[in-house]
Amino acid sequence: MLHATNTGTNVNHQETVSHASRLIREKLGNVQAGTLGLVLGSGLTPVADAITGAVDIPFAEITGLPQSAVAGHGGFLRAGRLSGRPVLALCGRVHLYEGASAAETCLPVRTLGALGVGTLIITNAAGALNPLFNAGSLMLITDHINMTGQNPLTGPNIDAFGPRFPDMGRAWCPDLVALARREAVGLGLLMERGVYMQIPGPSLETPAETRAYRQMGADAIGMSTVMEAIAARHMGLRLLGISCLTNKNMPDCMDPISHEAVLDMAGRTAKQMARLLSALAANPALDTPSGAA
Ligand code: HPA
């Protein structure tokens with residue numbers, strides 16, 4: 001069941017975000033400079049285990065933030081340290097297919113932005129469309145395609161968050177992609193790079209859709225992330241995205257995909273994701289505006 005109390009206007013969303021950030025500040029104190037924001041997607045909640053000194057706040061206690069009941073989505077904010085760096089991790093997210101509006105799915109990310117997080121790493125579970133990619137690999141997101149037909153910025157612009165027409169020419173920070181690539185090489189992790197496409201779901205792709213999406217230029221596909229990326233870029237956050245490729249979709253030999261199998265593969269790849277995120281968090285380059293080492 002989806003608990004979204006915000007079905008109103010964008011103005012209400014501004015109030016929700018400022019209320020949520022005030023409540024979080026009351027519980028945790030001010031957010032320190034250099035705090036890293038994380039969104040941990042399907043089956044990746046185990047990455048949160050690498051966070052030390054953790055304080056959890058269930059989304060249910062943060063008025064106005066939507067909660068997901070999808071298996072594998074924990075539904076809490078975890079504050080703590082990753083490799084010594086302060087982090088705020090959103091463990092679990094709400095999806096469009098649960099009935100939330102595009103803007104509602106972005107309330108948690110906007111709250112991190114309002115709290116002063118400068119860099120956000122978004123993770124997800126995704127299906128590989130690139131025939132050269134394999135299930136079990138990680139993929140750095142270099143660009144995205146919004147195939148949802150929706151946009152979290154629809155409606156009156158919230159000027160306090162960002163401009164009416166935010167540029168998406170460099171939505172995913174190339175310097176952070178380069179930094180993550182170097183860290184992955186250092187750790188000996190197999191790391192792809194590619195374009196992520198968000199569909200609304202919950203139905204999975206037909207063979208014809210799979211062929212079409214691949215021809216459009218997508219390397220991986222999932223049901224999250226792009227809405228959050230748009231909202232984060234609107235607020236000027238620096239973005240890095242990492243997909244955990246849980247399955248491979250080939251239009252001429254489609255394998256059945258089960259949510260359980262996706263979660264199982266995400267869980268198995270979560271260890272690699274945790275190693276990469278820990279290495280990134282330890283890198284002082286994450287503090288610099290360019291992200292370059
Ligand atoms: N399609 C859409 N979403 C997904 C997939 C997929 O193949 N795998 C994980 N999330």
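**Figure 1. The ligand and the pocket that holds it.** In this predicted model, the ligand takes up the space of the largest pocket. Strands β5 (119-128), β8 (220-222) and β9 (238-248) are the elements that give two or more residues to the shell around the ligand. Of these strands, β5 makes the largest contribution to that shell, with three residues. By class, the shell consists of seven nonpolar residues, five polar residues and one charged residue.

**Figure 2. Close-up of the ligand and its polar contacts.** The ligand has 13 residues around it, and those that come nearest are G127, E205, G222, N247 and N249. Three polar contacts can be followed in this view, each of them involving a nitrogen atom of the ligand. At N247, an N or O atom of the side chain lies 2.8 Å from a ligand nitrogen. At E205, the corresponding distance from a side-chain N or O atom to a ligand nitrogen is 3.0 Å. At G127, the partner is a polar atom of the backbone, and it lies 3.3 Å from a nitrogen atom of the ligand. Taken alone, the ligand would expose 260 Å², and the protein buries 94% of that area.

**Figure 3. The lining of the largest pocket.** The largest pocket contains about 390 Å³ of space. Its lining is formed by 25 residues, and A125, L204, M223, H259 and V262 are those that lie nearest the centre of the pocket. Four elements, β5, β8, β9 and helix α7 (259-282), each supply at least two residues of this lining. The largest share again belongs to β5, which provides four residues of the lining. Sorted by class, the lining comprises ten nonpolar, 13 polar and two charged residues.

**Figure 4. The second largest pocket.** A further pocket, the second largest, has a volume of about 170 Å³. Residues L28, G29, N30, V31, Q32 and T35 are among those that line this pocket. Its lining also includes A79, G80 and R81, together with P86, V87 and L88. Strands β3 (76-82) and β4 (85-91) each contribute at least two residues to the lining. The lining of the second largest pocket is made up of six nonpolar residues, five polar residues and one charged residue.

**Figure 5. The loop between β3 and β4.** Residue S83 is located in the loop that joins strand β3 to strand β4. Most residues other than glycine have a negative phi. S83 is not a glycine, yet its phi is positive, at about 50 degrees.

**Figure 6. A cis peptide bond in the loop between β7 and α5.** Most peptide bonds are trans. The bond that leads from G201 to P202, however, is cis, and its omega is near 0 degrees. P202 belongs to the loop that lies between strand β7 (191-198) and helix α5 (207-216).

Conventions: Residues numbered from 1 in each chain as written. Predicted model: local features only at pLDDT ≥ 70, side-chain atom pairs only at ≥ 80, totals over all residues. Heavy atoms only, no water. Near = heavy atom within 4 Å. Polar contact = N/O pair within 3.5 Å; in protein donor to acceptor, adjacent residues only side chain to side chain. Areas by Shrake-Rupley, 256 points an atom, 1.4 Å probe, with all protein chains shown as cover. 1 Å grid on protein atoms, 1.4 Å probe; cavity = no way out; pocket = protein on both sides within 12 Å on 5 of 7 lines; lining within 4 Å. Sits in = over half its atoms within 2 Å of the grid points. Nonpolar A, V, L, I, M, F, W, Y, C, P; charged D, E, K, R; others polar. Points joined across faces, edges and corners; volume = space filled by probe spheres on them.
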